[in-house]
Each structure stands twice: as C-alpha cells, then as structure tokens.
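Biologist: I would like to go through a structure with you. I will ask how each label is earned, and you set the value against the rule.

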Amino acid sequence: MNYLAQLKGILTRIVRHRFDKWLSKRMPAQTSFTLNHKNSFIFPSLFGLYFLLLCFVLFLLGTNYENNLILFLVFFLCSFMVTCLLLTYQNIAQLTFTATPVNPQFAGQDVAFCLRILRPTDNGKKLDINFQKSVSTLRSVISEQQVVLYSFCKQRGYFSPGRVTVRSTFPFGLFTVWTHLDFAHSVLLYPEPINNERALLSSSSLNNYSGMSNYAVGFEQFSMLKSYQPGESLKSVAWKQLAQGRGWFSKQFEQSQAGDVFLDIDLYPYLELEEKLSLLCYQIIELHEKHCSYGLKLGNDTIANGHGMAQKEACLKALALYGTSP
C-alpha cells in the first residue's frame with residue numbers, strides 16, 4: 001500500500017509539472033487577461049456527468065421499448081445541455097482581469113492582492129476566484145469591479161503566490177469553466193513585528209557606529225506629559241488623564257529628547273536571526289510612530305539616521321531582504 005501511495009504521488013507530481021510547463025507556454029505571465037476560448041477550459045461537472053448518464057439510460061429505455069415520448073425527452077435534455085455549455089462559456093467570456101500594484105506587507109499575516117474586473121456586459125455571475133495553491137483561511141472578496149485575494153506566507157522577502165484560478169458553474173452547474181491566470185504577483189514581506197517587551201537598545205551615533213558599549217534606553221520609558229497637538233499619534237495620548245477630565249495630553253518619552261537612535265542587529269547576540277529582525281521591525285514601527293530620528297546597521301550595511309515614511313520603508317526593506325539571496 002505504501003508503495004502504491006508513493007507511486008501515485010510521483011505520478012501526480014509529474015503530471016502537475018508537465019501541465020504547469022504547458023500552461024506557462026500557452027498562457028505566459030502578464031498583468032492583464034481577457035478571457036476567451038484560447039485561455040479558458042470547459043468540462044462537464046460531476047453533476048453534468050450524472051446528467052449525461054441519466055440521458056443515456058433514458059435513451060436505452062426509449063429505444064428498447066420504442067417509446068417516442070422518452071426519446072423526445074432525451075433529445076430535449078441533450079439540447080438543453082448544449083445550451084448550458086454555451087451559456088456557461090458566455091458567462092466568463094470577455095471578462096478582463098488586471099492586476100494592481102501591491103504595497104509591501106508583513107510576513108505571518110494574510111497578504112492581500114487586488115484585481116480589477118472589467119465587465120463589458122452582464123457577465124461574470126457566480127464566479128469563484130482564488131489562488132491555485134492558496135493556504136489562506138480567508139475567502140476572496142468579489143465585488144462588481146474588484147477582487148481581493150488572500151494568501152499566506154511566514155517567510156520574509158519577496159513572495160509570489162502563484163496563479164489565480166477563475167471558476168464558474170453558472171447557470172445550472174452542468175459544466176465547469178475555469179482558467180489559471182499568472183499575473184506575476186510579487187510582494188515584499190517585511191519581518192513579522194514582535195513586541196517581546198524588551199527595552200530599546202541603541203548604539204549612539206556619536207560613537208561613529210563603532211560598536212562601543214554606550215547604549216541608551218529608548219522609547220519605552222515615560223518622561224513627562226505635554227499638551228496634545230492635533231495630528232499626533234493616538235498611541236501617545238494620555239487616556240487616563242483624559243478620562244479624569246484633565247484635558248488632552250500626550251506622553252513624552254525620554255528617547256525623543258535624547259537624540260538620534262541607532263539600531264544595530266549585533267546588539268542582540270543572544271537571539272535567533274529571525275527574532276532579531278522581528279524585534280528591530282517592531283522598534284522601527286514604534287520609533288516612526290513617535291516621530292524619532294533613527295538609523296540602522298545590519299552587518300556591513302548601514303542606513304544613516306533619518307525620519308519619516310521614506311526612512312521607515314528603507315529600514316523595513318533592508319530587514320526584509322537581509323541575508324536573502326539576490
């Protein structure tokens with residue numbers, strides 16, 4: 001039994017590999033597809049096969065007993081099935097799917113990809129759209145003009161979810177029309193941010209990043225309250241004082257007054273690599289929320305001190321690609 005199971009698995013992998021190779025030649029990757037007879041496939045569904053079996057049995061009964069009424073019913077059912085074949089294909093014909101750019105997201109979370117749908121007529125009813133090899137538990141969200149697909153990956157770096165399967169059995173479920181479309185989806189996944197409640201370790205930029213043991217404890221230490229300014233992050237609001245009716249105040253932390261922060265992966269030698277990157281990712285997000293100026297050192301690569309969205313994205317991208325093959 002084990003031998004047969006292994007042989008079945010090997011044959012399945014060979015067939016899938018050959019099919020994927022043929023599919024890549026027939027429908028190469030591109031950002032937009034218009035469905036037609038060249039990139040769609042249609043076969044009877046399981047219900048359709050049972051329907052054909054019923055027609056065959058009725059045909060045998062009609063010819064055996066020379067019953068014209070039964071034969072008329074068989075011909076009517078066969079013509080109905082042919083009509084369903086045309087309607088099923090027409091339901092997806094001329095639908096245009098276009099991939100939209102995907103912003104970087106975080107590993108360890110469901111990653112969202114968007115497709116735009118162009119419906120020239122009233123087509124596209126009861127579509128089932130998912131990634132061909134989806135591992136996400138979230139269902140796709142299909143609207144009139146957009147589809148949001150979800151996939152899942154725990155590995156940081158560039159992630160490609162593979163081909164998108166578009167399927168439909170409309171209108172009566174006798175046929176299944178489907179296609180596998182490759183939109184060349186690729187998204188940069190940042191490390192999963194993890195707050196392990198460790199104090200922020202920062203090598204001072206005044207030491208020329210020399211790795212000296214002069215560290216500053218950062219944004220986790222409360223310093224004082226100040227008047228809340230519109231536009232500040234809600235994370236810094238002193239909610240306790242607000243609930244007491246004392247007005248709007250925001251919390252001031254010592255790191256925002258102590259100068260620039262310089263993060264260094266070598267300051268956490270006791271942690272695993274992925275845990276280091278996740279911790280640095282969380283610290284970068286917190287520093288950005290608190291409008292601090294910070295830099296980053298990853299081995300031989302250094303990002304100078306700065307602040308703002310560009311600095312955050314540069315640091316997170318460096319974390320995502322650290323140690324990966326180019």
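The talk below takes up the sheets, the cores, the aromatic rings and two single residues.

Biologist: What kind of model is this?

Modeller: This is a predicted model.

Biologist: Let us begin with strand β6. What makes the side chains along β6 alternate?

Modeller: β6 covers residues 127-131. Leu 127, Ile 129 and Phe 131 point to one face and are buried. Asp 128 and Asn 130 point to the other face and are not buried.

Biologist: How do you know that β6 and β10 pair?

Modeller: Pairing needs at least two bridges. β6 and β10 (residues 164-168) have 5 bridges, so they count as a pair, in the antiparallel sense. Within this pair, Asn 130 stands opposite Thr 165. Phe 131 stands opposite Val 164.

Biologist: Which sheet do these strands belong to, and what is its order?

Modeller: The order is β2-β11-β10-β6, an open sheet of 4 strands with antiparallel pairing.

Biologist: Why are β2 and β6 called edge strands?

Modeller: β2 (41-44) and β6 each have a single partner strand, so one side of each is left without a neighbour in the sheet. Neighbouring strands here are turned by 20° against each other on average, direction ignored.

Biologist: Which strands of this sheet does helix α3 touch?

Modeller: Helix α3 (residues 68-92) packs on the sheet and touches β2, β6, β10 and β11. The helix direction makes about 30° with that of β11.

Biologist: Which strands stand at the edges of the other sheet, the open one of 5 strands?

Modeller: That sheet runs β1-β3-β5-β8-β7, with antiparallel pairing. β1 and β7 (141-142) stand at its edges, because each has a single partner strand.

Biologist: How do you know that β7 and β8 pair?

Modeller: They share 2 bridges. At least two are needed, so the pair counts. One bridge joins Ile 142 to Val 147 in β8.

Biologist: Now the inside. Which residues have the most contacts in the largest nonpolar core?

Modeller: They are Phe 97, Leu 115, Ile 129, Val 164, Val 166, Leu 181 and Phe 183, in a core of 29 residues. Among the elements giving two or more residues are β3, β6 and β10. β5 gives the most, with 4 residues.

Biologist: What does Val 166 touch, leaving aside its neighbours within four places in sequence?

Modeller: Its contacts include Leu 35, Phe 97, Leu 127, Ile 129 and Leu 181. Apart from this core lies another, of 23 residues, among them Leu 267, Leu 271, Leu 277 and Ala 320.

Biologist: How many aromatic pairs are found in the whole structure?

Modeller: The search finds 7.

Biologist: Why is the pair of Phe 33 and Phe 183 called edge-to-face?

Modeller: Look at distance first. The ring centres are 5.3 Å apart, and the limit is 6.5 Å, so the rings pair. Then take the angle. The planes stand at 90°, and over 60 degrees counts as edge-to-face, so the label holds.

Biologist: What does that pair tie together?

Modeller: Phe 33 lies in strand β1 (residues 32-34), and Phe 183 lies in the loop between β11 and β12, so the pair ties together parts that are 150 residues apart in sequence.

Biologist: Why do Phe 33 and Phe 183 count as buried?

Modeller: Buried means under 20% relative accessible area. Phe 33 has 4%, so it is buried. Phe 183 has 3%, so it is buried too.

Biologist: Which residues form an aromatic cluster?

Modeller: Trp 22, Phe 41 and Trp 178 form one.

Biologist: Thr 100 lies in the loop between β3 and β4. Buried or exposed, and how do you know?

Modeller: Thr 100 has a relative accessible area of 17%; the limit is under 20%, so Thr 100 is buried. Thr 100 touches Cys 114 and Arg 116, not counting residues up to four places away in sequence.

Biologist: What makes the approach of Thr 100 to Cys 114 a polar contact?

Modeller: The backbone oxygen of Cys 114 lies 3.1 Å from a polar atom of the Thr 100 side chain. The cut-off is within 3.5 Å, so the distance fits.

Biologist: And His 307, in the loop between β17 and α6: buried or exposed?

Modeller: Exposed means over 50%, and His 307 has 60%, so His 307 is exposed. His 307 still touches Cys 292 and Ser 293, not counting residues up to four places away in sequence.

Conventions. Residues are numbered from 1 along each chain as its sequence is written. This is a predicted model: local features need pLDDT of at least 70, side-chain atom pairs count only at pLDDT 80 or more; totals for chains, interfaces and linings use all residues. Side-chain values use heavy atoms; hydrogens and water are left out. Buried means under 20% relative accessible area, exposed over 50%, partly exposed in between (1.4 Å probe, protein chains only). Axes are lines fitted to C-alpha atoms, for helices over the stretch in contact, and angles run from 0 to 180 degrees between N-to-C directions. Contact means heavy atoms within 4.5 Å. A polar contact is a pair of N or O atoms within 3.5 Å; within protein, one must be able to donate a hydrogen and the other to accept it, and residues adjacent in sequence count only if both atoms are side-chain atoms. A nonpolar core is a set of buried Ala, Val, Leu, Ile, Met, Phe, Trp, Tyr and Cys residues joined through side-chain atoms within 4.5 Å. Rings of Phe, Tyr and Trp (its six-membered ring) pair if their centres lie within 6.5 Å; planes under 30 degrees apart count as stacked, over 60 as edge-to-face and the rest as tilted.
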